[in-house]
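Biologist: I have a new structure open and would like to learn how to read it. Could you walk me through its features one at a time?

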Amino acid sequence: MFNLPQTRRYDFTIRCKKCGENIPAPVGTIPDYWIAARCPLCGETRSYLPSEIFQGNLSYKLGRKPVRSVIRLMGEMKRAIAREQAAWAEKMQEQTRMKSTLVIAAAIIAAVRLAKDTDISRPSPRLTAVVSESVNLARMILDRVGR
Ligand SMILES: [Zn+2]
């Protein structure tokens, strides 16, 4: 009875129908129907009923890799990535909206400022100055509205 490796407690354990070892069920909750599971020890794939899933100690033959925490971590990572992607998409959408609003507002301001100019088809220092002034003014207005 010495050097006996410690077994790990696992929420979703099944007893392999071939070799009889306790192995992790490939689930995160108790399923509604039967599941198929492949034994990592003997390679046998069998079906298991929800009633055959129990909280138990995994076979020491599985080694000491913390299966449960790895599965949990993977789930957390997936959720974090999904959250990040959703937040990013929302931010991009918001930025796109802000930009088009800014362009419209700046264009209106620039149009008013340039109303008396006869030729604005070519770039000129005045045109550049008016456009950047208009953008700044539009941004100021948007900032004011945003508050
Ligand atoms: Zn087995």
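Biologist: How many helices and strands does the chain have?

Modeller: This is a predicted model, and its chain has 2 helices and 5 strands. Reading along the sequence gives the pattern β-β-β-β-β-α-α.

Biologist: What does the radius of gyration of the chain come to, beside that of a compact globule?

Modeller: For 147 residues, a compact globule would come out near 15 Å, but this chain has 32 Å. You can also look at the box filled by the C-alpha atoms: along the principal axes it is roughly 95 × 35 × 30 Å.

Biologist: And what share of the residues counts as buried?

Modeller: Of the 147 residues, 12% count as buried.

Biologist: Where should I look for a core, then?

Modeller: Start with the general idea: in soluble globular proteins, nonpolar side chains tend to be buried together. Here, the largest nonpolar core has 10 residues, among them Y10, F12, I14, C39 and L58. Strand β1 (residues 9-15) supplies the largest share of this core, 3 residues.

Biologist: Helix α2 caught my eye. What length does α2 reach?

Modeller: A helix can be checked against an expected rise of 1.5 Å a residue. Helix α2 covers residues 125-146, and its 22 residues reach 31 Å from first C-alpha to last, close to the 32 Å expected.

Biologist: Why does α2 lie largely in the open?

Modeller: To count as buried, a residue needs 20 or more other C-beta atoms within 10 Å of its own. Of the 22 residues of α2, the number buried is 2, so this helix lies largely in the open.

Note on methods. Residues are numbered from 1 along each chain as its sequence is written. This is a predicted model: local features need pLDDT of at least 70, side-chain atom pairs count only at pLDDT 80 or more; totals for chains, interfaces and linings use all residues. Helices (H or I, at least four residues) and strands (E, at least two) are DSSP runs, numbered from the N terminus. The expected span of a helix is 1.5 Å times one less than its number of residues. A nonpolar core is a set of buried Ala, Val, Leu, Ile, Met, Phe, Trp, Tyr and Cys residues joined through C-beta atoms within 7 Å. The radius of gyration is taken over C-alpha atoms; the globule rule is 2.2 Å times the number of residues to the power 0.38.
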